[in-house]
Amino acid sequence: MTNRAHRIAVVGAGPAGFYATGHLLDAEPEIEVDLYDRLPTPWGLVRHGVAPDHPKIKAVSRVFEKIADKPGFRMFGNVEIGRDVSHAQLMEHYDGVIYAYGAQADRRMGIPGEDLPGSLPATAFVAWYNGHPDFYNLDPNLQIERAVVIGNGNVAVDVARMMALAPEELAPTDTGDHAIEIFNASTLQDIVIAGRRGPLQAAYTNPELLELGELQIADVIVRPEDAKLDPISQAALADASQPDQRNVEVVQEYAQRARTDKPRTVTLRYLLSPLEIRGDGRVEEIVMVKNRLELSDDGSVRAVATDETETIPCGLVLRSVGYRGLPVEGVPFDEKRCVIPHADGRALGADGKPVTGVYCTGWIKRGPSGVIGTNKKCGVETADALLEDLHAGRLHTPTDASLVAVERLIADHRPEAVEYAHWVDIDAHERERGDATGRPRIKICSWEDLLAKR
Ligand SMILES: Cc1cc2nc3c(=O)[nH]c(=O)nc-3n(C[C@H](O)[C@H](O)[C@H](O)COP(=O)(O)OP(=O)(O)OC[C@H]3O[C@@H](n4cnc5c(N)ncnc54)[C@H](O)[C@@H]3O)c2cc1C
Ligand SMILES: NC(=O)c1ccc[n+]([C@@H]2O[C@H](COP(=O)([O-])OP(=O)(O)OC[C@H]3O[C@@H](n4cnc5c(N)ncnc54)[C@H](OP(=O)(O)O)[C@@H]3O)[C@@H](O)[C@H]2O)c1
């Protein structure tokens, strides 16, 4: 081992990247961590995913701020690895690289009409209302009567709820101003959430489902036939997990509720799969096929299409069927699962053996599921694998890991890079603007404004 501090690059300043970084910075011997992000702002989906009406969850960023205060921390924002700086270049300058760059794309449904104007991935819609600079000018048309959200996960519930909020519910949030304007002018009357399986198989969690029943200007609607379990679910109910049983209870309670005079509805539908999105130049309707459930050999419950179809008129389809990880050139990638293949966080090459000095954590390691806290255990596992390799003398040997060489790399390949201090200025500015109106922050959303000096 040399006397100099070991230098590690972590790619992605979301929860997984921060948790791994925090663990490395607390370790012996001394480690310096350069945290890279393609955005000038840190926190990943905590800033650009978590729903703005859930400020307590966004407050986890305080944990990340404490990590950023630790000696040895440095952030290079506005640097995309694979575009501005390559994997090979990182390997020349670091003892190890941890990839924590999340899942940046959406899963496709593979049906006709998927790309008609008015059919959007929830990934883009979420990024739009959260003021992500690549999406803030998405400009979705909410001058419509009905939106259909495909999928039964927490993201589906988030996007449906955001469309159902009253102006007074949106006002105290950090939803981008551009989005508040469009939400408040919305003429939406009905938001349908369509799951391909039944209420017992839904992926959303109890608090999120319960929130739909407490909206100020929207009733939650479940038709009695949708609340009634199919025979497979009925047989599985007694052995189901407590939260899954509770989801069924809540859906059945919703089915008992009478419609009030609230102007909007959020309608929960089940056993429906999308077949085709249709319209003349833009979305006008979605054709769904009715499913029945079947037990697979491995015990899982799968949806099987029947002959019965249903056409739902709508002006917007939000496809909320999951996020998808993307490859970075030179880094191992499992094309099928869209993750970096790994063993305990050590990236595995095509030969199935660990690639020296390359690690992964978070959604690009596990796939796009799990809450913020899941990434803590995941980040620590990966950082521990790296530390074990360091102590065993198995870390990678870079060509030149001096501070000066790293600075030259950035100056040569991404002179527009910004450091953490730049974010601290943005953060202070956003919070200051928010203070005046009782909001946590008013977000700066365009690339130009994010990169401008304050
Ligand atoms: C819409 C939505 C709402 C959610 N709400 C909640 C919630 O309320 N509560 C909860 O506990 N969990 C929630 N989650 C889950 C939680 O956000 C994730 O578990 C977590 O963010 C995953 O962390 P990550 O670090 O792996 O990825 P991310 O948070 O996606 O961070 C990845 C980072 O990598 C950067 N990056 C990407 N590519 C590159 C590259 N090539 N070079 C450099 N940087 C790159 C990105 O800009 C990003 O900052 C939500 C998820 C979504 C999608
Ligand atoms: N408040 C929170 O804590 C919060 C908020 C948002 C997100 N998150 C977390 O973030 C992660 C990602 O959430 P997510 O909602 O994107 O993913 P998810 O939980 O995996 O849900 C995806 C949904 O899409 C459905 N689906 C997949 N392919 C489909 C297809 N071709 N046609 C129809 N439906 C299809 C799935 O149905 P099947 O089950 O039938 O496959 C499932 O209902 C989750 O772990 C979630 O809990 C948490």
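**Exercise 1. Packing of helix α9**

Task: State which elements the buried residues of α9 pack against.

Solution.
1. Start with the terms: helices (H or I, at least four residues) and strands (E, at least two) are DSSP runs, numbered from the N terminus. A residue is buried under 20% relative accessible area, exposed over 50%, and partly exposed in between (1.4 Å probe, protein chains only).
2. Helix α9 spans residues 177-184, and its buried residues are H178, A179, I180, I182 and F183.
3. These residues pack against α6 (122-129), α7, α8 (167-170) and β10 (264-269), where contact means heavy atoms within 4.5 Å.

Two notes on the source apply throughout. The model is predicted, so local features need pLDDT of at least 70 and side-chain atom pairs count only at pLDDT 80 or more, while totals for chains, interfaces and linings use all residues. Residues are numbered from 1 along each chain as its sequence is written, chains are lettered from A and ligands numbered from 1 in the order in which they are written, and side-chain values use heavy atoms, with hydrogens and water left out.

**Exercise 2. A residue of strand β10**

Task: Decide whether T267 is buried or exposed, and list what T267 touches.

Solution.
1. Locate the residue: T267 belongs to strand β10.
2. T267 has a relative accessible area of 11%, and therefore counts as buried.
3. Leaving out residues up to four places away in sequence, T267 touches D190, I191, V192, I193 and I221.
4. With D190 there is also a polar contact between the two side chains, at 2.9 Å. A polar contact is a pair of N or O atoms within 3.5 Å; within protein, one must be able to donate a hydrogen and the other to accept it, and residues adjacent in sequence count only if both atoms are side-chain atoms.
5. For a distance across the model, take K353: this residue is 86 residues from T267 along the chain, and their C-alpha atoms are 49 Å apart.

**Exercise 3. A loop residue and a partner far along the chain**

Task: Describe the surroundings of I144.

Solution.
1. I144 sits in the loop between α6 and β7 (146-150).
2. The relative accessibility of I144 is 6%, so I144 is buried.
3. Apart from neighbours within four places in sequence, I144 contacts T187, L188, Q189, R282, G315 and L316.
4. L316 is 172 residues from I144 in sequence, yet the C-alpha atoms of the two lie 7.7 Å apart.

**Exercise 4. A buried arginine**

Task: Find the side chains that form polar contacts with the side chain of R346.

Solution.
1. R346 is part of strand β17 (residues 346-348).
2. Its relative accessible area is 13%, which means that R346 is buried.
3. One polar contact runs to the side chain of E388, at 3.4 Å, and another to the side chain of D389, at 3.0 Å.
4. Beyond four places in sequence, the residues that R346 touches include P341, P354, V358, Y359, A385 and R394.

**Exercise 5. Two domains**

Task: Give the domain bounds and describe how the domains meet.

Solution.
1. The bounds, from an automatic or database domain assignment, are 6-104 + 325-451 for domain 1 and 106-323 for domain 2.
2. Over C-alpha atoms, the domain centres are 32 Å apart.
3. In the contact between them, 27 residues of domain 1 meet 24 residues of domain 2.

**Exercise 6. The two ligands**

Task: Describe the shells around ligand 1 and ligand 2.

Solution.
1. A residue is near a molecule if one of its heavy atoms lies within 4 Å of it.
2. Ligand 1 has 31 residues around it, with D37, L45, W363, G370 and I372 coming nearest. An oxygen atom of ligand 1 lies 2.9 Å from a polar backbone atom of I372, and an oxygen atom of ligand 1 is 3.0 Å from a polar side-chain atom of N375. Alone, ligand 1 exposes 1000 Å², of which the protein buries 93%; accessible areas come from the Shrake-Rupley method with a 1.4 Å probe, and for residues only the protein chains shown count as cover.
3. Ligand 2 is surrounded by 21 residues, the closest being N152, R196, R197, E208 and G370. An oxygen atom of ligand 2 is 2.7 Å from a polar backbone atom of G370, and an oxygen atom of ligand 2 is 2.8 Å from a side-chain N or O atom of R197. The protein covers 79% of the 920 Å² of accessible area that ligand 2 has on its own.
4. Domain 1 and domain 2 each give at least three residues to the shell of ligand 1, and each also gives at least three to the shell of ligand 2.
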